[in-house]
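Here's a quick look at the salt bridges in this one. Have the sequence and the 3D view open while you read.

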Amino acid sequence: MKIELKPVTLEQLPLLKEQLPKLQTGDCNLSIASVIGRAEEYQIKWGLVEGELVLNWMPYPDIPAAYVLPLQSENILKIMQTLECSCKDCKEPLILFGRFTYMTEKISELMSYRNFITVSSNSWWDYVYDRSRIETLEGRDLHGKRNFNKRFYKAYPDAAFVPLDAPMIEKCRGFLAKWYEAHGEMTESLQAEKVAIEFAFDHFEDFGLIGGALVNGDDIFGFTYGSGVGGDIFSVHIEKADRNVTGAYPALASAFAKALPEEFKQINREEDLGLAGLRKAKEDWSPSTMIRKTLMRIQRDESRIE
């Protein structure tokens, strides 16, 4: 049976709202905003197998297209068997993408007689933090963030964190334009990011996004937003602050953590993409754990080869 895969568009919003939670295991890229907003960049396609959503994507450069599956589904074995037979008429192996420990344990349980190969890169892994640490900035390892936060509020004692409603989103569009102008050269990556942000602003409520801006009167020092990506994990998709304002970034991050719904206990601040500067910035926040993501190539079942 050949599975029909179609490009993800805004038309799939109702389907994603219903079924995407079954695929979410904390991966920052598996929110509605990311799946729709980055669909072209990640070459995301969707299909229904046994009545359930599967995604096929390439979220990182130089990796083959891989499937993201609802591994907790009671139909998962049938879904995998159907997909395996659709991979070029069973002549190519099935390639999956997911959270390393959970996926490998699940596949080992379902297919104990099969072999698989996993490939990963730490540039794909998400940095996850205890929400309470980012709220309070307590501890020796966060003393630098705490000091910058204090310096910010000493300079701007009336600054406040306000929710991103329609009027504030319009103000943030203006701030964003100035932020990119100050940054200088617009790389392909930054251009893709800008398009995704504008798209998210256009469909903020539809995508179930939560966000806010750090303001002082009519001045905006930064804005941020994100969404839940499974369990008690909240992913911060975007965080933009004025680099010329001392302490704006830690003040924005801490204020956002305080404002999140109580159901979220962990904050995913996404990958470092293999960039040394970005890696240091994320490690400086003292992560509590990493979401290790991997490609899994399930070897062909030789017993079925005629």
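Glu271 and Lys293 form a salt bridge, with 3.6 Å between the closest N and O atoms. By salt bridge we mean a side-chain nitrogen of Lys or Arg within 4 Å of a carboxyl oxygen of Asp or Glu. This is a predicted model, where local features need pLDDT of at least 70, side-chain atom pairs count only at pLDDT 80 or more, and totals for chains, interfaces and linings use all residues. Numbering runs from 1 along each chain as its sequence is written, and side-chain values use heavy atoms, with hydrogens and water left out.

Back to the pair: Glu271 sits in the loop between β12 (266–268) and α10 (276–283), while Lys293 belongs to strand β14 (residues 293–298), so the contact links distant parts of the chain, 22 residues apart. Helices (H or I, at least four residues) and strands (E, at least two) are DSSP runs, numbered from the N terminus.

Buried or exposed: which is Lys293? Lys293 counts as buried at 1% relative accessibility, and Glu271 is buried too, at 8%. The cut-offs are under 20% relative accessible area for buried, over 50% for exposed and partly exposed in between, using a 1.4 Å probe and protein chains only. The pair also has company: Asp27, Asp126, Glu271 and Lys293 are linked in a network of salt bridges.

How many salt bridges does the rule give in total? The count comes to 16. Here are some of them, with the closest N to O distance for each.

| Acidic residue | Basic residue | N to O distance |
|---|---|---|
| Glu84 | Arg114 | 2.4 Å |
| Glu198 | Arg173 | 2.4 Å |
| Glu271 | Lys293 | 3.6 Å |

Take Glu84 and Arg114, which form a salt bridge at 2.4 Å. Glu84 is in helix α3 (residues 76–86) and Arg114 in the loop between α4 (100–110) and β6 (116–120), so this bridge ties together parts that are 30 residues apart in sequence. Both ends are buried: Glu84 has 13% relative accessibility and Arg114 has 9%. The two side chains also make a polar contact at 2.4 Å, meaning a pair of N or O atoms within 3.5 Å; within protein, one must be able to donate a hydrogen and the other to accept it, and residues adjacent in sequence count only if both atoms are side-chain atoms.

Then there's Glu198 with Arg173, whose side chains meet in a salt bridge at 2.4 Å. This one runs between helices, with Glu198 in α8 (residues 188–202) and Arg173 in α7 (residues 166–183), 25 residues apart. Arg173 counts as buried at 19% relative accessibility.
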